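Colleague: I would like to go through the terms used for this model and see what each one rests on. Where do we start?

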Amino acid sequence: IPSNVLQQFSLKDRICVVTGASGGIGSAIAEGYAEAGGHVALWYNRNPAAVEFAKELEKTHGIKAKAFQVDVGDREAVKKGIEETVKEFGRIDVFVANAGIPNSKPLLEMPFAEIEELNRVNADSVVYCARFAGEVFKKQGSGNLIITSSISAHIVNVPVDQPIYNATKAYILHLGRSLAREWRHFARVNIVSPGFFHTAMGASDLVQNEANRMTVLCRQGETREIKGIYLYLASDASSFQTGSDTIIDGGYTL
Ligand code: NAI
């Protein structure tokens, strides 16, 4: 670990995978990694914006970037995505399990198909990514997993009832903490719990009004304001940190 703090934050030549990289928080994370000199594998599902974004990152930052279409809720697709990423980049240093979907319905009004889809995309996906990335980390003798949870894992937030969403975020938070211990000899695992950020997910008037009313800083966060914590956790600056959970919410949960 370099003693110079700016060098600690460098991701030069590190291979970083980011899921949900077609927009919102995921593309901000990937951009931050590219700005710090990392090579990035952008995993996306339906929205192919990641393909153009990869080209843009390569051109602007002189790093290698490539988009991979992977439905993270599909176990076989994740296995294949890991194989293709390793084939293309040679290894994986950092894996950010960030993809997720919202669903703001009370349990009693939620069709079972939607409950299952939420569990698949928000919870099972992180198990699949951790399992297959973890196998690579173990073989390499090093690795770094970062999981995007939510303040919804910590509090039953308002203005809507969304018990299954909240539960999926609590599940992956504790999964991450548990893996930090299981993988202690070869990889670090940390969690980020964002509050209200200005993305497609947080776009409704209801959410924006709630964020403005209840967040201590009186607004939603911008995605560029979350890049720093993901860079810190991916880099050597956080080398003594594992099993942590960082709430970044403008003071919402105070
Ligand atoms: P977003 O909707 O902009 O991004 C989510 C991304 O996940 C999209 O690119 C989407 O295509 C991708 N995705 C969805 N289903 C997928 C699947 N099956 N396979 C692969 N990719 C899939 O939303 P945002 O805000 O950037 O969300 C990122 C993460 O942050 C999510 O896990 C979300 O739960 C979490 N989060 C967001 C907050 C916010 O206020 N925006 C607050 C707390 C947590």
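Modeller: With two helices of this predicted model. Helix H2 (residues 24-35) packs against helix H3 (residues 49-61) at an angle of about 25°, and their axes are 10 Å apart.

Colleague: Why are H2 and H3 called roughly parallel to each other?

Modeller: Angles under 35 degrees count as roughly parallel. The angle here is about 25°, so H2 and H3 are roughly parallel to each other. The crossing of H2 past H3 is right-handed.

Colleague: Which residues make the contact?

Modeller: From H2, Ser27, Ala30, Glu31, Ala34 and Glu35; from H3, Phe53, Leu57 and His61. By class, the residues of this contact are 4 nonpolar, 2 polar and 2 charged.

Colleague: What makes E3 and E7 edge strands?

Modeller: The open sheet has 7 strands in the order E3-E2-E1-E4-E5-E6-E7, with parallel pairing. Strand E3 (65-69) and strand E7 (245-248) each pair on one side only.

Colleague: How do you know that E1 and E2 pair?

Modeller: Two strands pair if there are at least two bridges between them. Strand E1 (residues 15-19) and strand E2 (residues 39-44) have 5 bridges, in the parallel sense, so the criterion of at least two is met. Isoleucine 15 has histidine 39 in E2 as its bridge partner.

Colleague: How is H3 directed on the sheet relative to E3?

Modeller: H3 touches E2 and E3, and its direction makes about 170° with that of E3. Angles over 145 degrees count as roughly antiparallel, so that word applies to H3 and E3.

Notes:
Residues numbered from 1 in each chain as written. Predicted model: local features only at pLDDT ≥ 70, side-chain atom pairs only at ≥ 80, totals over all residues. Axes fitted to C-alpha atoms, helices over the stretch in contact; angles between N-to-C directions. Helix = DSSP H or I, 4+ residues; strand = E, 2+ residues; numbered from the N terminus. Parallel < 35°, antiparallel > 145°, perpendicular 65-115°, else oblique. Left-handed = near helix turned anticlockwise from the far one by under 90°. Contact = placed C-beta atoms within 7 Å. Nonpolar A, V, L, I, M, F, W, Y, C, P; charged D, E, K, R; others polar.
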